[in-house]
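User: Could you take a close look at one part of this model for me, the surroundings of the ligand? I'd like a connected picture rather than a list.

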Amino acid sequence: MALCNNDMDLATKNFTVQGVTYTRNEELLGKGGFGVVFGGSEGHVIRLFGMNKIPQMISFVIEFAPQSLYDKFKMKSVTPDEAHKYFKMLVDGIEFLHSEMLVHCGIKPENLLICNETLKLADFGKSKRMKNKDQKFKNEECIGTKQYAAPELWKNVTVEGRPLDIWCCGIILRQLSQASMEFWEIADISDKQYSRWMELIKGGKVTRSDFCYKFKPATMSKF
Ligand SMILES: Nc1ncnc2c1ncn2[C@@H]1O[C@H](COP(=O)(O)OP(=O)(O)O)[C@@H](O)[C@H]1O
Ligand SMILES: [Mg+2]
């Protein structure tokens, strides 16, 4: 839902909290790590302006973003220059989150919103706070959209958080640079597309240049 403000449009996001017991003071809502990241986003996290708790629901008032990277892909409108710019913003945003001891665990084009040509991370529904940078999490807590799940999530019971976000950045880079959103179902050797990709890499047939911006703008229209 978008509301009008003199300076910018705002959106609200509501969370149903049925069954969740809140022991914390409501005034503290948005004051923890979550609020810090939203509030001091350095430009690459969607901004949070306020939170309100009403019975069985928390309402977030956040900056409105008219588009997501997913919308851009669907509209076949990403140019190589934009691909470069968006990837850099994505990496900056992830670096910022990790420096604030948070892992996102849900990076995908739908959760990368675009406001005034700036890419911003959104949807912290699966994000986790790290006690230390190598902290391990249960794999089942970190699997969101399976296509974006890192290979170790299918192999190990516990995984480090930060590499999961970095894996997703690689997937997004591939989507941005190869003009295709199609890839494997899961990043596991049991998946034919993934194992074919791995064979190409091992055979030296996929090289660094596959991730470089040497494609022509016309190629991008095949998204
Ligand atoms: N601040 C926002 N401004 C505009 N659209 C938004 C905003 N936040 C989310 N959306 C839209 O709503 C969709 C779902 O929101 P999201 O926060 O990702 O929740 P979830 O994926 O858990 O349903 C997003 O993919 C995006 O299209
Ligand atoms: Mg989402």
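**Around ligand 1**

Analyst: Sure. Some background on the chain before we zoom in: buried residues account for 24% of its 223 residues. Bear in mind that this is a predicted model. Its secondary structure amounts to eight helices and 11 strands. Take the contacts between residues at least 6 apart in sequence: 65% of them join residues at least 24 apart.

Now to the ligand. There are 14 residues around ligand 1, and the ones that come nearest are Ala11, Phe64, Ala65, Glu110 and Asp123. As for elements, β2 (10–16) and β4 (57–63) are the ones that give two or more residues to this shell. Sorted by class, the shell has seven nonpolar, three polar and four charged residues. And where does the ligand sit relative to the domains? Ligand 1 lies between domain 1 (2–63) and domain 2 (67–220), because both of them give residues to its shell.

One of those nearest residues, Asp123, deserves a second glance. Its phi is near 55°, a positive value in a residue other than glycine. That's worth a remark, since most residues other than glycine have a negative phi. Aspartate 123 belongs to the loop between β8 (118–121) and β9 (128–129). Is aspartate 123 buried or exposed? Neither, quite: with 18 other C-beta atoms within 10 Å, and 20 or more needed to count as buried, aspartate 123 is partly exposed.

The strand just ahead of that loop, β8, takes us to a sheet. This is an open sheet of three strands in the order β5-β7-β8, with antiparallel pairing. β5 (67–68) and β8 are the edge strands, each pairing on one side only. Helix α3 packs on the sheet, where it touches β7 and β8, and its direction makes about 35° with that of β8. Over on the β5 side, two bridges join β5 to β7 (residues 112–115), and the two strands run antiparallel. Serine 68, for instance, has leucine 113 in β7 as its bridge partner.

Follow α3 onward and you meet another positive phi. Methionine 101 is in the loop between α3 (80–99) and β6 (102–103), and its phi is near 65°, again in a residue other than glycine. Methionine 101 is partly exposed too, with 17 other C-beta atoms within 10 Å.

So, back to your ligand: the shell draws on both domains, and Asp123, among its nearest residues, has a positive phi.

Conventions. Residues are numbered from 1 along each chain as its sequence is written. Chains are lettered from A and ligands numbered from 1 in the order in which they are written. This is a predicted model: local features need pLDDT of at least 70, side-chain atom pairs count only at pLDDT 80 or more; totals for chains, interfaces and linings use all residues. A residue is near a molecule or strand if its C-beta atom, placed from the backbone, lies within 6 Å of it. Helices (H or I, at least four residues) and strands (E, at least two) are DSSP runs, numbered from the N terminus. Ala, Val, Leu, Ile, Met, Phe, Trp, Tyr, Cys and Pro count as nonpolar, Asp, Glu, Lys and Arg as charged, and the others, Gly among them, as polar. Domain bounds come from an automatic or database domain assignment. A residue is buried if 20 or more other C-beta atoms lie within 10 Å of its own, exposed if 12 or fewer, and partly exposed in between; C-beta atoms are placed from the backbone. Two residues are in contact if their C-beta atoms, placed from the backbone, lie within 7 Å. Two strands pair if DSSP finds at least two bridges between them. Axes are lines fitted to C-alpha atoms, for helices over the stretch in contact, and angles run from 0 to 180 degrees between N-to-C directions.
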